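Colleague: Please take a close look at a single part of this model, and then lead me outwards from there through its surroundings. I would like one connected account, with the cut-offs behind each term.

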Amino acid sequence: MKIAAMAAGAVGGYFGARLAADGHDVHFIARGANREAIEKNGLKIESVHGDLHLPKVNVTDDPKKVGPVDVVLFAVKLWDTEKAAELTKPMVGPNTRVITVQNGVDA
């Protein structure tokens, strides 16, 4: 299954990494220093459910490079919702499911 984690912060990074570890084709969308750190170090998860280190993951700041996916994990901060939703459009095809995993009741 092709999955995009929009974005690769605490929530998107965690669930995306778990899905990647299970063999799914996961693409992480991240900006700036976060993207650079993921490119350099991969993703590390420390959890009571087991630690995980993925040294090499698919990460980009351009959703157009990813193209349509089966699932978008929409995990952006509330104040980034509108802009991120617009940026997500190139990853949404006719059969794509968008799952929002945002904090807060106002999202």
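Modeller: Let me start at Thr 60, which, once its neighbours within four places in sequence are left aside, is in contact (heavy atoms within 4.5 Å) with Phe 28, Ile 29, Ala 30, Arg 35, Lys 65 and Val 66. The model is predicted, with local features needing pLDDT of at least 70 and side-chain atom pairs pLDDT 80 or more, while totals for chains, interfaces and linings use all residues. Residues are numbered from 1 along each chain as its sequence is written, and side-chain values use heavy atoms, with hydrogens and water left out.

Thr 60 itself is found in strand β5, where strands (E, at least two residues) and helices (H or I, at least four) are DSSP runs numbered from the N terminus. Its relative accessibility is 11%, and therefore Thr 60 counts as buried, a label that means under 20% relative accessible area, against over 50% for exposed and partly exposed in between (1.4 Å probe, protein chains only). Strand β5 covers residues 58-60 and runs parallel to β2, to which three bridges join it; strands count as paired if DSSP finds at least two bridges between them. In this pairing Phe 28 stands opposite Val 59 of β5, and Phe 28 is also one of the contacts of Thr 60.

The partner strand β2 takes in residues 25-29, and four of its five residues are buried, which leaves the strand mostly covered. Besides β5, strand β2 has β1 (residues 2-6) as a parallel partner, with five bridges between them. Within that pairing, Lys 2 stands opposite Asp 25, and Ala 4 stands opposite His 27. The chain passes from β1 through helix α1 (residues 10-21) to reach β2, making a β-α-β crossover that is right-handed, in the sense that, with the strands pointing away from the viewer, the path from the first strand over the helix to the second runs clockwise.

Strand β1 is itself largely enclosed by the rest of the structure, because four of its five residues are buried. Strand β1 also pairs with β6 in the parallel sense, over four bridges, and there the bridge partner of Ile 3 is Val 71. Strand β6 spans residues 69-74 and includes Leu 73, which counts as buried because its relative accessibility is 9%. Leu 73 and Ile 3 lie 70 residues apart in sequence, yet their C-alpha atoms are 7.4 Å apart in space. With neighbours within four places in sequence left aside, the contacts of Leu 73 include Ile 3, Ala 4, Ala 5 and Met 6, as well as Phe 15, Gly 16, Leu 19 and Ile 99.

Phe 15 leads to the aromatic side chains. The structure holds one aromatic pair: the rings of Tyr 14 and Phe 15 have centres 5.2 Å apart and planes at 85°, so the pair is edge-to-face. Here rings of Phe, Tyr and Trp (its six-membered ring) pair if their centres lie within 6.5 Å, and planes over 60 degrees apart count as edge-to-face, under 30 as stacked and the rest as tilted. Both members are partly exposed, Tyr 14 with a relative accessible area of 22% and Phe 15 with 43%.

By way of contrast, Lys 89 belongs to the loop between α3 (81-88) and β7 (92-100), and its relative accessibility of 52% is why Lys 89 counts as exposed. The C-alpha atoms of Lys 89 and Gly 16 are 19 Å apart in space, with the two positions 73 residues apart in sequence numbering.

Finally, the chain as a whole. Three helices and seven strands make up its elements, which run β-α-β-α-β-β-β-β-α-β from the N terminus on. Of its 107 residues, 38% count as buried, and among contacts between residues at least 6 apart in sequence, 66% join residues at least 24 apart. The radius of gyration is 13 Å, which agrees with the value near 13 Å that a compact globule of 107 residues would have, taken over C-alpha atoms with a globule rule of 2.2 Å times the number of residues to the power 0.38. Along the principal axes, the C-alpha atoms fill a box of roughly 30 × 30 × 25 Å. The chain exposes about 6600 Å², of which carbon and sulfur atoms supply 53%, by the Shrake-Rupley method with a 1.4 Å probe.
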